[in-house]
Amino acid sequence: ENILFASEMIGAVRDVDPRTGHYFDDTKRYVDATGNLTDERRGQVFEGNARRVYPRLDRALRARGL
């Protein structure tokens, strides 16, 4: 309930790890891969908790239909 996901600006690290084929800054995949979160909880980590903590952001997104 109290975890927010954040990362650097997209493209901040442009290199691909030659061992895995993934971009070095692709950290979202770690959260996606964990078996400790339900889809609902994962949605809270990626979006819901931030909207709860930052109500102005939530209002702005809702005004845009998001």
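Which residue forms a salt bridge with Arg41, and how far apart are the closest N and O atoms? The partner is Glu1, and the closest N and O atoms of the pair are 4.0 Å apart. The structure is a predicted model, and the sections below go from the whole chain to single residues.

## Overall fold

The protein has three helices and zero strands. Read from the N terminus, its elements follow the order α-α-α. The radius of gyration is 14 Å, whereas the globule rule gives 11 Å for 66 residues, so the protein is more spread out than a compact globule. The C-alpha trace spans about 40 × 25 × 20 Å along its principal axes.

Of the 66 residues, 14% are buried. The accessible surface amounts to about 5700 Å², and carbon and sulfur atoms account for 53% of that area. When contacts between residues at least 6 apart in sequence are considered, 33% of them join residues at least 24 apart.

## The Glu1–Arg41 pair

Eight salt bridges are found in a search of the whole structure. One of them is the pair of Arg41 and Glu1. Arg41 belongs to helix H2, while Glu1 sits in the segment before helix H1 (28-33), so this salt bridge ties together parts that are 40 residues apart in sequence.

The two partners fall into separate accessibility classes. Arg41 is partly exposed, because its relative accessible area is 40% and the partly exposed class runs from 20% to 50%. Glu1, at 64%, is exposed. Pairs of this kind fit a general point: side chains of opposite charge can pair when their charged atoms come close.

## Other salt bridges

Asp17 and Arg19 also meet through their side chains in a salt bridge, with an N to O distance of 3.5 Å. Here Asp17 is buried, with a relative accessible area of 9%, whereas Arg19 is exposed at 75%.

A further salt bridge links Asp26 and Arg29, whose closest N and O atoms are 3.8 Å apart. Asp26 is partly exposed at 28% relative accessibility, and Arg29 is partly exposed at 24%. Elsewhere, Glu47, Arg51, Asp58 and Arg62 are joined into one network by salt bridges that share partners.

## Surroundings of Arg51

Arg51, a member of that network, lies in helix H2, which covers residues 39-53. Is Arg51 buried or exposed? Its relative accessible area is 13%, so Arg51 counts as buried; the cut-off for this class is under 20%.

Apart from neighbours within four places in sequence, Arg51 is in contact with Asp58, Leu61, Arg62 and Leu66. Two of these residues, Asp58 and Arg62, also appear in the salt-bridge network with Arg51. For Leu66 there is a polar contact as well: a polar atom of the Arg51 side chain lies 2.9 Å from the backbone oxygen of Leu66.

## Nonpolar surface patch

Which residues make the nonpolar surface patch of about 360 Å²? The patch consists of Leu4, Val53, Tyr54 and Leu57. Among them, Leu57 is located in helix H3, which covers residues 55-63. Val53 falls within the range of helix H2 (residues 39-53).

Leu57 has a relative accessible area of 40% and is therefore partly exposed. That value meets the requirement for patch residues, which is over 30% relative accessible area.

Terms used
Residues numbered from 1 in each chain as written. Predicted model: local features only at pLDDT ≥ 70, side-chain atom pairs only at ≥ 80, totals over all residues. Heavy atoms only, no water. Patch = residues over 30% accessible without salt bridge, like charges linked within 9 Å, V, L, I, M, F, W, Y side chains within 5 Å. Areas by Shrake-Rupley, 256 points an atom, 1.4 Å probe, with all protein chains shown as cover. Helix = DSSP H or I, 4+ residues; strand = E, 2+ residues; numbered from the N terminus. Buried < 20%, exposed > 50% of the residue type's maximum accessible area, 1.4 Å probe, protein only. Polar contact = N/O pair within 3.5 Å; in protein donor to acceptor, adjacent residues only side chain to side chain. Contact = heavy atoms within 4.5 Å. Rg over C-alpha atoms; globule rule 2.2 N^0.38 Å.
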